Amino acid sequence: MKHSCLHRLLLFSIFCSIALVLMGAKTAVEEGDLTEIEVQIGSDTWIAWCLEEVAGKKKIKKNNSIVFIPYDDLVTRFRKKKKKAKQANDAILKKKFGKKQKSFKNLSNAATPVCEGLQNNEDPEQGQDPEDGSGGSDENPQDTYFFANGDVTPLGKEVFEIPSQTTANAFVGEVIFQNTCLDCHEKRYRPTMPLLRQAISPSPMSFTEDVFPDQDLADLTAYLQIGRSPLLE
Ligand code: HEC
């Protein structure tokens, strides 16, 4: 009895290690498997790639084969490196790997909802058409301010006073908040887009339109509005 228990445990741990190795591995892919997307972090635009709903980096090897590395794997990799550097008391390396970890985390946060959206064919433009909305998505945009991928619904834009032609994504806004606001204060409230512009324009913030474009403001508004739902109001 005891023997077979140990045996199973051993088999299970072998299975787990193989699974972990497979999960962490770079994936060899064909050009056509990847979709190129652009993500906005703060005021920078980055190119990222989707392999189905996973966001990551494309790498072309010397023999011209293509590999795909999920951002989340890179986050894990640099978290481990940071930990090792910390144990070795290497402050400079620790900082370097910490920065890498954070920037891949930001990329993952910004790109994953886009890849998931592509995968679900959840074009936010289509959500505006009530006939389309009932077909593909299980959410009715009339009942909610957010789509599952973090995009604000047409109804949400009306309530948050975000212009209908501007996209607004709460996950992208979260990254902007972490990078631009969190240093000074963690004030959480739920302003409309025009009120937020008013609040952050005076000194010491001075986030006027020329330094903090409306697109960033729309995403930030979406983030600050998280948690609101017409069903609760
Ligand atoms: C350089 C530090 C700093 C940064 C960065 C910063 N703030 Fe502020 N913020 C302040 C200070 C200081 C005040 C208080 C100013 C006052 O009320 O006189 C303030 C006040 C506010 C207020 C309250 C204004 C009101 O009308 O009550 C809001 C809302 C706000 N900040 C939002 C943000 C957001 C959103 C960001 C990121 C886009 C941000 N802040 C970035 C320093 C900062």
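Strands are DSSP runs of E with at least two residues, and helices are runs of H or I with at least four, numbered from the N terminus. Two strands pair if DSSP finds at least two bridges between them. This is a predicted model: local features need pLDDT of at least 70, side-chain atom pairs count only at pLDDT 80 or more, and totals for chains, interfaces and linings use all residues. Residues are numbered from 1 along each chain as its sequence is written.

**Exercise 1. Work out how β3 pairs with β2 and with β4.**

Step 1. Take β2 (residues 34-41) and β3 (residues 44-51). They pair in the antiparallel sense over eight bridges. In this ladder, Ile41 has Asp44 as its bridge partner.

Step 2. Move on to β4 (residues 54-60). It runs antiparallel to β3, and three bridges join the two. Leu51 stands opposite Val54 of β4.

Step 3. Inspect the turn. β3 and β4 form a hairpin with two residues between them. Glu52, in that turn, has a positive phi of about 50°.

**Exercise 2. Write down the strand order of the open sheet and find its edges.**

Step 1. Add β5 (residues 66-70). It pairs with β4 in the antiparallel sense over five bridges.

Step 2. Assemble the order. The five strands run β1-β5-β4-β3-β2, with antiparallel pairing.

Step 3. Read off the edges. β1 (27-29) and β2 each have a single partner strand, so one side of each is left without a neighbour in the sheet.

Step 4. Add the twist. Neighbouring strands are turned by 50° against each other on average, direction ignored. Axes here are lines fitted to C-alpha atoms, for helices over the stretch in contact, and angles run from 0 to 180 degrees between N-to-C directions.

Step 5. Place the helix. α3 (residues 91-119) packs on the sheet and touches β2, β3 and β4. Contact means C-beta atoms, placed from the backbone, within 7 Å. The direction of α3 makes about 130° with that of β2.

**Exercise 3. Decide whether Phe68 is buried or exposed.**

Step 1. Locate the residue. Phe68 is in strand β5, and Lys58 stands opposite Phe68.

Step 2. Apply the cut-offs. A residue is buried with 20 or more other C-beta atoms within 10 Å of its own, exposed with 12 or fewer, and partly exposed in between; C-beta atoms are placed from the backbone.

Step 3. Conclude. Phe68 has 20 other C-beta atoms within 10 Å, so Phe68 is buried.

Step 4. Check a spatial neighbour. Gly56 is twelve residues from Phe68 in sequence, and their C-alpha atoms are 6.6 Å apart.

Technical notes:
Two residues are in contact if their C-beta atoms, placed from the backbone, lie within 7 Å.
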